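Here are some exercises to work through with the model open beside you. Try each task before you read its solution.

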Amino acid sequence: MICRLAVLLCSLSFALGLYTDLWAQNNNPKISKFEQLEELLPTANNYRTTSGAPGHDYWQQRADHVMDIVLDDKNRRLTGYQTITYYNNSPDPLRYLWLQLDQNIFDKNSDANLTETSEIEPQLSLAQINQMLPPSFDGGFKISSVKDKVGKALPYTINKTMMRVELPVMLKKGEVFVFSISWSYNINEQPKLGGRSGYEYFEKDDNCLYEIAQFFPRMAVYSDFGGWQHKQFLGRGEFALTFGNYKVNITVPADHIVAASGELQNADKVLTSKQLQRFQQAKTADRPVLIVTEEEAREAEKQKLEQTKTWTFEAKNVRDFAFASSRKFIWDAMNVRVNNKNTLCMSFYPKEGNPLWGQYSTEVVAHTIKVYSKYTIDYPYPVAISVHGPVWGMEYPMICFNGGRPASDGTYPEGIKHAMISVIIHEVGHNFFPMIINSDERQWSWMDEGLNSFCQYLTEQEWQPNYPSRRGPAPNIVEYMKSDPSTLVPIMQNSESLPQFGNNAYGKPATALNILRETIMGRELFDYSFKEYARRWAFKHPEPADFFRTMEDASAVDLDWFWRAWFYGTEPVDIALSDVKFYTIQSMEPKVEEALVAAQNKQQRYITELKNDTLLNNKRVIDQKPYLKDFYNSYDPLKVTKADQEMYDYLMAALSPEERDLLKGKHLFYELTFKNVGGVVMPLIIEFEYEDGSKTLERIPAEIWRMDNEQVKKVFVFQKKVKNITLDPYQETADIELSNNYFPPRNLPSRFQLFKQQQQRSTDNPMRRSLIEGNR
């Protein structure tokens with residue numbers, strides 16, 4: 001419907017007949033979306049400031065390690081002796097120390113095993129049945145001794161995946177305590193037993209590939225915000241760890257190749273002369289150089305030497321240590337330079353990983369280091385390693401374990417290629433979150449997985465055009481946001497209590513950050529603030545409040561409403577364009593206005609009137625008795641009189657030139673009504689398409705909802721007629737219902753795909769098909 005805006009003239013000016021009851025909005029008791037977040041965040045103190053930066057009294061502990069490790073390939077067993085130097089930088093005296101015994105998750109009576117739920121279904125696979133059987137693997141740490149630096153036994157208590165070591169005297173601020181632990185454990189066969197590390201057995205050549213992590217008693221974090229972080233390890237919530245320096249000697253069969261956190265210290269003793277030469281060449285190469293070739297790996301597979309070699313590695317200022325070992329390894333490397341600092345990017349993989357791994361892995365590592373350094377801090381470590389083995393994706397300082405294996409004939413579906421590239425980006429990216437920006441994974445998975453998945457998305461998009469990223473774009477989280485509310489929990493939830501872990505810890509926070517960057521803050525403000533967070537908390541222990549506060553502190557953007565909705569809430573985004581009204585300004589010129597009213601009245605005739613024109617023509621009383629007619633039967637209220645024209649001339653003369661121009665202009669007014677159906681307030685992104693085919697885009701900040709969280713109206717003024725209006729045209733806000741985003745309304749077709757067709761697509765291997773056809 002088209003309406004004309006009446007014009008009121010007062011004190012030689014006029015105003016559009018629009019009025020908003022501001023008093024009612026300001027006193028709306030339902031307003032809550034923009035309440036500040038401070039009551040939910042911890043109170044700032046000398047250790048952590050209100051700005052989100054570390055305080056002037058910030059402290060953290062340190063633990064240095066020297067370890068001697070022996071890998072028993074025949075019995076698939078690991079034995080270790082470690083010396084820990086623990087620095088108490090806290091203001092608190094400590095009576096005991098806590099260490100993490102993560103391998104105890106494989107103990108038959110571990111909480112992880114006992115609390116695993118199961119049920120009988122009509123059809124079960126053998127793997128499902130096997131999982132229900134009592135575990136038979138003899139897993140978990142065997143602690144031989146815990147001693148102080150002079151060899152005196154220390155009392156200790158093992159509580160499932162935690163061990164308390166009691167100190168002979170209180171460890172005061174600034175003091176150091178040195179102690180040693182001897183231990184061993186049986187290595188799990190990862191493809192069968194699962195886990196974040198383990199070995200894979202290759203039956204064809206009778207060899208194992210070991211990916212070893214969580215393999216030594218690791219110091220728990222003692223912090224200003226939580227004291228000891230000794231929540232039991234149940235498998236999902238990962239780790240909170242203490243920074244320190246490591247020197248690790250790893251003894252393996254002499255034909256094994258070892259990859260590990262840190263720099264190799266004795267390459268001249270463990271590599272052949274040719275391999276050593278290639279190793280040196282790779283340090284300046286801008287393309288991968290093979291250090292151990294496939295031919296050399298194949299030959300080693302056959303030898304199975306019984307002699308041993310010891311590889312020595314040193315890692316500075318890391319929170320953990322991991323390694324991989326196998327005689328099956330092919331090894332390539334190249335250099336990447338970031339702001340005048342060199343990093344040796346390397347990949348270790350069996351022949352079963354080729355051709356994918358030889359072509360892509362190390363290049364992806366180098367690409368990841370460059371892109372993450374751009375958005376966070378410059379990568380500080382000397383090496384970055386990707387290993388292919390049984391673990392699909394797991395991260396440690398300077399080294400990560402990744403999946404993505406082609407078929408035995410060397411072909412692979414495109415999905416496997418992208419899955420491999422993505423997991424390498426993701427796991428190498430974990431060097432930044434949480435290996436450097438060292439958040440507490442056991443408590444807050446999103447602080448590493450979510451932030452890392454966001455950076456992964458940025459990195460994927462710089463790899464190739466239209467890269468099929470799983471997480472990051474707002475539309476990709478919509479199905480999760482439409483889930484049954486009973487299955488949704490806030491992002492701010494403990495890692496072990498997330499029903500939809502992938503969406504909650506990875507997808508939703510990654511999407512939220514991308515929305516902040518692209519839609520709410522803009523790239524310049526977001527990128528600076530995100531980088532500032534990384535700068536502030538590199539090699540420290542940030543908490544959620546430190547992130548939230550830093551993002552606001554460095555940008556001058558109040559994001560409390562956003563954190564509250566996306567991180568503390570579960571409501572979805574569903575904003576509806578519920579009404580559109582079209583107005584023009586009343587020109588006040590009698591000839592124009594009365595002609596328009598006459599035309600409008602002529603159009604507005606009811607069905608009864610139309611039928612009576614024929615049936616009652618000249619039969620009405622007034623037609624039969626003309627003497628009943630008076631002045632009003634011939635009066636035309638729309639006829640322009642001399643008085644009308646004089647009043648118009650008088651009013652026009654009283655207006656300023658600017659007011660007359662506005663009155664005579666061709667302004668078209670569109671009043672749009674928006675309803676917050678889902679509950680989450682968001683910016684309004686509105687695309688107007690005009691009758692001439694051109695388009696404009698209007699962006700209204702989310703603060704438009706601050707007075708009324710449920711419904712707002714906004715008037716837009718144009719010089720040409722609008723044909724179509726689309727809310728959120730680029731699907732930036734994760735709106736779960738697009739059908740109410742259009743004017744005129746549209747019926748969006750629902751889509752479905754037969755499961756059989758979908759299954760065929762996901763396993764399709766055009767490379768193999770092409771190879772077969774080429775051989776015909």
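Two strands pair if DSSP finds at least two bridges between them; strands (E, at least two residues) and helices (H or I, at least four) are DSSP runs, numbered from the N terminus. This is a predicted model, in which local features need pLDDT of at least 70 and side-chain atom pairs count only at pLDDT 80 or more, while totals for chains, interfaces and linings use all residues. Residues are numbered from 1 along each chain as its sequence is written, and side-chain values use heavy atoms, with hydrogens and water left out.

**Exercise 1.** Find the strands that pair with S29, and say which residue of the S29–S30 hairpin takes a positive phi.

*Solution.* Start with S30 (residues 695–700), which is antiparallel to S29 (residues 684–690) over six bridges. Here Ile-685 has Arg-699 as its bridge partner. Four residues lie between the two strands of this hairpin, and Gly-693 has the positive phi, near 95°. Next, take S32 (residues 722–727): five bridges join this strand to S29, again in the antiparallel sense. Phe-688 sits opposite Ile-725 there.

**Exercise 2.** Work out how the two faces of S29 are covered.

*Solution.* Recall that in a regular strand the side chains alternate between the two faces of the sheet. On one side of S29 are Leu-684, Ile-686, Phe-688 and Tyr-690; on the other are Ile-685, Glu-687 and Glu-689. Each of these is buried, meaning under 20% relative accessible area (exposed is over 50%, partly exposed in between; 1.4 Å probe, protein chains only).

**Exercise 3.** Look for a salt bridge partner for Glu-395.

*Solution.* First place Glu-395 in strand S25 (residues 393–396). A salt bridge needs a side-chain nitrogen of Lys or Arg within 4 Å of a carboxyl oxygen of Asp or Glu. Lys and Arg count as positive and Asp and Glu as negative, with His and the chain ends not counted. Glu-395 is buried but has no salt bridge, and Arg-319, the nearest side chain of opposite charge, is 5.8 Å away. Finally, list its contacts (heavy atoms within 4.5 Å): beyond four places in sequence, they include Glu-238, Glu-427, His-430 and Glu-441.

**Exercise 4.** Decide where the coordinates call for caution.

*Solution.* Begin with pLDDT, the predictor's confidence in each residue from 0 to 100. The chain mean is 91, and 91% of residues reach 70 or more. Residues 1–29, however, fall below 50, though this stretch has 48 contacts beyond near neighbours in sequence. Residues 758–762 also stay under 50, with one contact beyond four places in sequence. Where pLDDT is low, the predicted coordinates should not be read in detail.
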